[in-house]
Amino acid sequence: MKDFLLCIINEIRSYFVPEQVIYEVTGKCKKCGKCCNYMYSVDTYTEKEFKIMQFLFPTYRRFYIKGKDEEGNFIFACKMVTPEGLCSDYKHRPRMCRNYPAKRVAYKAQLHEGCGYKVNIKTFEDYVNEAKNKRHS
């Protein structure tokens with residue numbers, strides 16, 4: 001029960017983390033399926049927590065733990081991805097898949113080699129320059 005409550009509390013906390021730096025994601029999908037076969041969760045530390053998430057959110061049942069990286073973080077994969085790298089249930093894919101990748105992220109995300117997307121840092125100077133350009137347009 002303690003793990004269950006801790007999992008819910010951490011999920012709620014994740015919505016209130018202040019943004020310090022913004023990273024913008026640009027580009028387009030190449031339909032390789034790498035993102036579907038090698039996913040990370042920053043909030044899942046144990047298999048038990050993952051099982052709780054699958055219980056709380058049935059959408060997560062389509063994912064499984066594929067392994068761990070060098071740092072001990074879980075690597076997840078989707079059961080619905082085909083050998084060609086496409087979603088076999090595209091029409092019913094979860095919101096997180098429909099919205100992938102987020103246009104802005106609060107951390108320097110690492111994308112798979114050959115991915116059509118790129119993560120770019122957006123600095124304070126970028127915001128200032130955008131504001132200047134809008135005023136002069």
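## Cysteines without a bridge

Let's start with what is missing: a search through the whole structure turns up zero disulfides. Cys35 is in no disulfide, and the nearest cysteine sulfur, that of Cys36, is 4.0 Å away. Cys36 is likewise in no disulfide, with the sulfur of Cys35 as its nearest cysteine sulfur, again at 4.0 Å. Because a disulfide needs two cysteine sulfur atoms within 2.5 Å, that distance of 4.0 Å does not count as one.

How covered are these two residues? Cys35 counts as partly exposed, at 24% relative accessibility. Cys36 also counts as partly exposed, at 24% relative accessibility. Keep in mind, here and below, that this is a predicted model.

## The overall layout

Now for the wider view. The protein has five helices and five strands. Read from the N terminus, the elements go α-β-α-α-β-β-α-β-β-α.

There are 137 residues in the protein, and 23% of them count as buried. The accessible surface comes to about 10600 Å², with 56% of it belonging to carbon and sulfur atoms. How much of the contact list links residues far apart in sequence? Take the contacts with a separation of 6 or more: residues 24 or more positions apart account for 66% of them.

## The nonpolar core

Which residues make up the largest nonpolar core? There are six: Met39, Phe50, Phe63, Phe74, Phe76 and Cys78. Strand 3 gives the most to this core, with three residues, and that strand covers residues 74–78. As a general rule, nonpolar side chains in soluble globular proteins tend to be buried together.

Phe76 is a good core residue to click on. Leaving out neighbours within four places in sequence, Phe76 has a list of contacts that includes Met39 and Phe50, along with Cys36, Tyr38, Tyr40, Tyr64 and Ile65. Asn37, Ser41, Thr44 and Lys66 are in contact with Phe76 too.

## Helix 3 and its cover

Helix 3 runs over residues 47–56. Which of its residues are buried? They are Glu49, Phe50, Ile52, Met53 and Gln54. Phe50 also belongs to the largest nonpolar core. The cover over the buried residues of helix 3 includes helix 1, strand 2 and strand 3.

Gln54 deserves a look of its own. At 10% relative accessibility, Gln54 counts as buried, because the cut-off for buried is under 20%. Setting aside residues up to four places away in sequence, Gln54 touches Tyr60, Arg61 and Phe63. Phe63 is another member of the largest nonpolar core.

## Two salt bridges

How many salt bridges does a search of the whole structure find? It finds two. In one of them, the side chains of Asp3 and Lys48 meet, with 3.1 Å from N to O. This pair links distant parts of the chain, since Asp3 sits in helix 1 and Lys48 in helix 3, 45 residues apart. Asp3 is partly exposed, with a relative accessible area of 33%, while Lys48 counts as exposed at 52%.

The other bridge joins Arg62 and Asp89, whose closest N and O atoms are 3.0 Å apart. Arg62 lies in the loop between helix 3 and strand 2, and Asp89 in the loop between strand 3 and helix 4, so the pair ties together parts that are 27 residues apart in sequence. Is Arg62 buried or exposed? Arg62 is buried, with a relative accessible area of 11%. Its partner Asp89 counts as partly exposed, at 21% relative accessibility.

## A patch on the surface

Not every nonpolar side chain is tucked away. Met1, Leu5 and Ile9 make a nonpolar surface patch of about 330 Å². Ile9 lies in helix 1, which spans residues 2–13. At 41% relative accessibility, Ile9 counts as partly exposed.

## Two backbone details in loops

Finally, two spots in the backbone. The peptide bond from Tyr100 to Pro101 is cis, with omega near -15 degrees. Pro101 is in the loop between helix 4 and strand 4.

The other spot is Lys31, where phi is near 55 degrees, a positive value in a residue other than glycine. Lys31 is found in the loop between strand 1 and helix 2. With a relative accessible area of 53%, Lys31 is exposed.

Conventions
Residues numbered from 1 in each chain as written. Predicted model: local features only at pLDDT ≥ 70, side-chain atom pairs only at ≥ 80, totals over all residues. Heavy atoms only, no water. Patch = residues over 30% accessible without salt bridge, like charges linked within 9 Å, V, L, I, M, F, W, Y side chains within 5 Å. Areas by Shrake-Rupley, 256 points an atom, 1.4 Å probe, with all protein chains shown as cover. Salt bridge = Lys/Arg side-chain N within 4 Å of Asp/Glu carboxyl O. Helix = DSSP H or I, 4+ residues; strand = E, 2+ residues; numbered from the N terminus. Buried < 20%, exposed > 50% of the residue type's maximum accessible area, 1.4 Å probe, protein only. Contact = heavy atoms within 4.5 Å. Core = buried A, V, L, I, M, F, W, Y, C linked by side-chain atoms within 4.5 Å.
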